Amino acid sequence: MAEKYDLDLFVIGAGSAGVRASHVAASLGARVAVAEERYLGGTCVNVGCIPKKLLVYASEFSEAFEDSAGFGWTIDERRFDWNKLVANKNVEITRLNGVYENLLINAGVKILRSRARIVDAHTIAIGGERVATKYILVATGGWPTVPRIPGAELAITSNEAFYLDRMPERIVIVGGGYIGLEFAGIFHGLGARVTVIHRGEIFLRRFDDDLRVALAAEMRKRGIDLRFETLVSRIDRGDGGGVHVTLTQGASVDASLIMFATGRTANTHGIGLEDAGVMLDGAGAIVVDRYSRTSAENIYAIGDVTNRKNLTPVAIAEGRAVAETLFGKHAMSVDYDNVPSAVFSQPTIGTVGLTEVEARQRFGEIDIYKSNFRPLKHTLSGRDERTFMKLIVDRKTDRVVGCHMMGTDAGEIIQGFAVALQCGATKAQFDATIGIHPTAAEEFVTMREKAPA
């Protein structure tokens, strides 16, 4: 009897989600092909997490050089070469592209470097041919959005920021989410004058309010110009190059460059989802159930294209879960509670669990513990920087339901405490844990005084 389908799984998109799903499905015996028209590794590897963190490292050296004087170091000359940084970054990204390619090839996954389009529930059109597949998995990620205002074509997004020909002397960054604040720290650390424009009262919506306020204070100490409750109304070419940015309420800013970090939209346009009966939500993201199944029974979707919790590790977990569900021994779903995250701003933010507002809504009576202190390092560096930590406890069960930090290595520290929250640790268990001294992290197990309600 002839095989009904050419493949068991056709994956559209070879980002973090698509690569993990393809690899796991192939390891479980499925016949898999993945289509990618841009670059293996998707946003995270190419224009996201990895290159961003490399640029963050580069930008942190400026403060490290300054701080070293308090420890007896003398640095006579400091020079920074943007083009060398970009070139070295590109070499590393190319290496990672090869790692992803070899991972898929070694697993037996067929890689198709072309745009794929869904013809119907079991058919893919790609490269002038049609492929029959039992299941389809959409993992096309998201794409930066730019507001429709006069002169918007003069702006860049984070995609282009990684490949600039030269460092801007002054930059306006529009947006107060992860990307905007991380690039604000990057460009400031590398020597640019930075203005951040945000439409809300304060940035980082959905983060704990105390963290948001603490980070704003630290960014202003560094000399970053934060303008809240402000919008860009138009962009014009500036005299002698650059841009002239007109803001609401009659204000304006002249800069070398303007960058929009105003969110990302699910990349669902033009891939045939409507033809296959796949439902989209009001924002254009794919609607899925707990097993990442769309409204078309044999079509699944994972990662940022579903606009659930848009983080690379979550997308990877979703990729594995779909592969296990389709080709493993049991259905698997992802637990979205207690997912840790970090904003690689300067200072860094790390967080896991509920914010204070969310905890009050869910539990009613909670206890709050806070610590705000000068890090040991800066007693000699002389830098005016604070570290902030916060624990949120459900009073009825004594369980720690939120853990938040701003300060050096916050992401690394919160990753460890995420395990404790996932295991349901109580405040009493935190208190019974002996700290490592002297570290910032020990504060999380030595906070005893409740903050006023």
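**View 1. N338, a partly exposed residue in a loop.** With a relative accessible area of 22%, N338 counts as partly exposed, because that class begins where buried, under 20%, ends. This close-up, like the others here, comes from a predicted model. To find N338, look in the loop between α8 and β17. Its backbone is worth a glance too: phi of N338 is near 55°, a positive value in a residue other than glycine. For context, most residues other than glycine have a negative phi.

**View 2. N307, in the loop that leads to α8.** Here we stop at the loop between β16 (299–301) and α8 (312–327), where N307 lies. N307 is not a glycine, yet its phi is positive, near 50°. How accessible is N307? Its relative accessibility is 42%, so N307 is partly exposed.

**View 3. The cis peptide bond between Q346 and P347.** Follow the backbone from Q346 into P347 and you will meet a cis peptide bond, with omega about 5°. Which strands lie on either side of the loop that holds P347? They are β17 (341–343) and β18 (349–353). As a reminder, most peptide bonds are trans.

**View 4. The cis peptide bond between H437 and P438.** In this last view, the bond to look for runs from H437 to P438; it is cis, and its omega is near -5°. Where does P438 sit? You will find P438 in the segment that comes after α12 (427–432).

Note on methods
Residues numbered from 1 in each chain as written. Predicted model: local features only at pLDDT ≥ 70, side-chain atom pairs only at ≥ 80, totals over all residues. Heavy atoms only, no water. Helix = DSSP H or I, 4+ residues; strand = E, 2+ residues; numbered from the N terminus. Buried < 20%, exposed > 50% of the residue type's maximum accessible area, 1.4 Å probe, protein only.
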